[in-house]
Amino acid sequence: MRLILFGPPGAGKGTQAARLVESFQIPQISTGDILRESKAAKTPMGMEAARYMDAGKLVPDDVVVGIVEERIKKPDAEKGYILDGFPRTVPQAEALEAMLEKNGTPIDKVPSLEVPEDILVGRLSGRRSCPSCKAAFHVEFAAPTQEGICDKCSSSLVHRDDDLPDAVRERLRTFEDQTAPVKEFYEARGKLVRVDGVGDVNDVFERLSKAVKS
Ligand code: ADP
Ligand code: ADP
Ligand code: ZN
């Protein structure tokens with residue numbers, strides 16, 4: 001099963017992808033996580049990417065397309081994967097399509113988590129992230145057992161630079177301008193399935209699982 005988990009920043013892609021990993025036994029590929037790792041490791045690519053990320057802008061297409069091309073070649077992605085946060089522009093979607101067409105391994109489905117903007121702002125500003133295992137928490141909606149500590153791996157949680165108010169506003173604008181057209185791209189190919197992303201995490205997962213299996 002090859003899936004693209006689509007949705008605006010804060011829609012719950014990371015949260016739901018972790019559950020899909022468990023139930024389908026395929027890896028999650030998050031370009032955001034890979035870019036943040038490169039940023040933390042201070043590689044030349046990571047330092048360049050950080051300038052865009054911290055401002056809430058998109059990293060150039062050739063950089064992220066290269067990351068994904070390399071990642072999906074790995075053996076653990078042979079049986080499928082969940083793309084989280086990619087593609088985010090129509091040129092990225094076209095590059096992915098060309099890449100997969102060459103190998104005869106097309107995307108099966110594109111579930112789209114639908115969440116209104118006012119709810120997204122609340123989710124992003126209260127998000128706390130684990131830099132180690134990538135789990136996401138929320139100060140109000142998904143509080144860790146011990147404040148500031150990851151329930152899964154005990155690392156200290158961080159408030160991402162781009163979850164601060166100015167960057168959040170910029171990211172939501174970037175989504176509308178550059179990423180929303182990606183939805184039409186997959187709709188035109190009959191792959192898009194809309195999923196209501198509002199409500200309890202377990203209820204969203206139930207709807208998502210049904211949509212994926214439909
Ligand atoms: P994305 O990867 O799409 O940016 P996340 O999975 O990181 O989204 O979720 C964003 C924030 O919203 C996190 O703080 C997460 O704990 C919280 N969250 C995720 N799903 C829900 C939900 N169904 N209801 C309330 N809060 C949620
Ligand atoms: P979110 O949780 O808001 O969905 P991500 O973790 O997916 O955010 O991405 C964080 C940042 O990393 C983005 O704002 C962008 O700067 C960069 N990024 C991640 N994926 C891509 C992509 N496919 N194309 C361009 N930039 C990306
Ligand atoms: Zn952790």
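**Zinc site, strands and ring contacts in a predicted model**

Cysteine 150 counts as buried, at 2% relative accessibility (buried means under 20% relative accessible area, exposed over 50% and partly exposed in between, with a 1.4 Å probe and protein chains only). This is a predicted model, in which local features need pLDDT of at least 70 and side-chain atom pairs count only at pLDDT 80 or more, while totals for chains, interfaces and linings use all residues. Residues are numbered from 1 along each chain as its sequence is written, chains are lettered from A and ligands numbered from 1 in the order in which they are written, and side-chain values use heavy atoms, leaving out hydrogens and water.

Cysteine 150 belongs to the zinc site. The zinc ion (ligand 3) takes its protein donors from the SG atoms of Cys130, Cys133, Cys150 and Cys153, lying 2.3 Å from the metal. Donors here are N, O and S atoms within 2.8 Å of the metal (3.2 Å for Na, K and Ca), and water is not among the atoms, so sites may look incomplete. Along the chain, the donors of this zinc ion are spaced as C-x2-C-x16-C-x2-C. Angles among the four donor atoms run from 101 to 118°, and the site is tetrahedral (four donors, all angles between 85 and 135 degrees). For reference, the ideal angle for four tetrahedral donors is 109.5 degrees. Unlike the buried cysteine 150, cysteine 153 counts as partly exposed, at 30% relative accessibility.

Next come the strands. An open sheet of three strands runs in the order β1-β3-β2, with parallel pairing. Helices (H or I, at least four residues) and strands (E, at least two) are DSSP runs numbered from the N terminus, and two strands pair if DSSP finds at least two bridges between them. The edges of this sheet are β1 and β2 (28-30), each with a single partner strand, so one side of each has no neighbour in the sheet. On average, neighbouring strands of the sheet are turned by 20° against each other, direction ignored (axes are lines fitted to C-alpha atoms). β1 pairs with strand β3 (residues 81-84) in the parallel sense over four bridges. Within that pairing, arginine 2 stands opposite tyrosine 81, and isoleucine 4 has leucine 83 as its bridge partner. In a regular strand, side chains alternate between the two faces of the sheet. In β1, Arg2 and Ile4 point one way while Leu3 and Leu5 point the other way, and all are buried.

Elsewhere, strand β4 (residues 110-114) is mostly covered, with four of its five residues buried. β4 pairs with strand β7 (residues 192-196) in the parallel sense over five bridges, and serine 112 stands opposite arginine 194 in β7.

As for aromatic contacts, rings of Phe, Tyr and Trp (its six-membered ring) pair if their centres lie within 6.5 Å, with planes under 30 degrees apart counted as stacked, over 60 as edge-to-face and the rest as tilted. By this rule there are two aromatic pairs. Phenylalanine 6 and phenylalanine 175 make a tilted pair, at 5.8 Å centre to centre with 45° between the planes. This pair ties together distant parts of the chain, 169 residues apart: phenylalanine 6 sits in the loop between β1 (2-5) and α1 (13-24), and phenylalanine 175 in helix α7 (residues 165-188). Both rings belong to buried residues, with phenylalanine 6 at 5% relative accessibility and phenylalanine 175 at 11%. Phenylalanine 185 and tyrosine 186 have ring centres 4.9 Å apart and planes at 75°, so this pair is edge-to-face. Phenylalanine 185 is buried, at 7% relative accessible area, as is tyrosine 186, at 4%.

Phenylalanine 185 also meets a charge: the charged end of arginine 189 sits over its ring, 3.6 Å from the centre (NZ of Lys or CZ of Arg within 6 Å of the ring centre and within 35 degrees of the ring normal). Likewise, arginine 51 has its charged end over the ring of tyrosine 52, 5.8 Å from the centre. Arginine 51 lies in helix α3 (residues 44-53) and is exposed, at 56% relative accessible area. Its C-alpha atom is separated by 9.7 Å from that of lysine 39, 12 residues apart along the chain.

Back in helix α7, threonine 179 is buried, with a relative accessible area of 4%. From C-alpha to C-alpha, threonine 179 is 33 Å from isoleucine 149, and the two are 30 residues apart in sequence.

Terms used:
Tetrahedral: all angles 85-135°; square planar, octahedral: opposite > 155°, others 65-115°. Axes fitted to C-alpha atoms, helices over the stretch in contact; angles between N-to-C directions.
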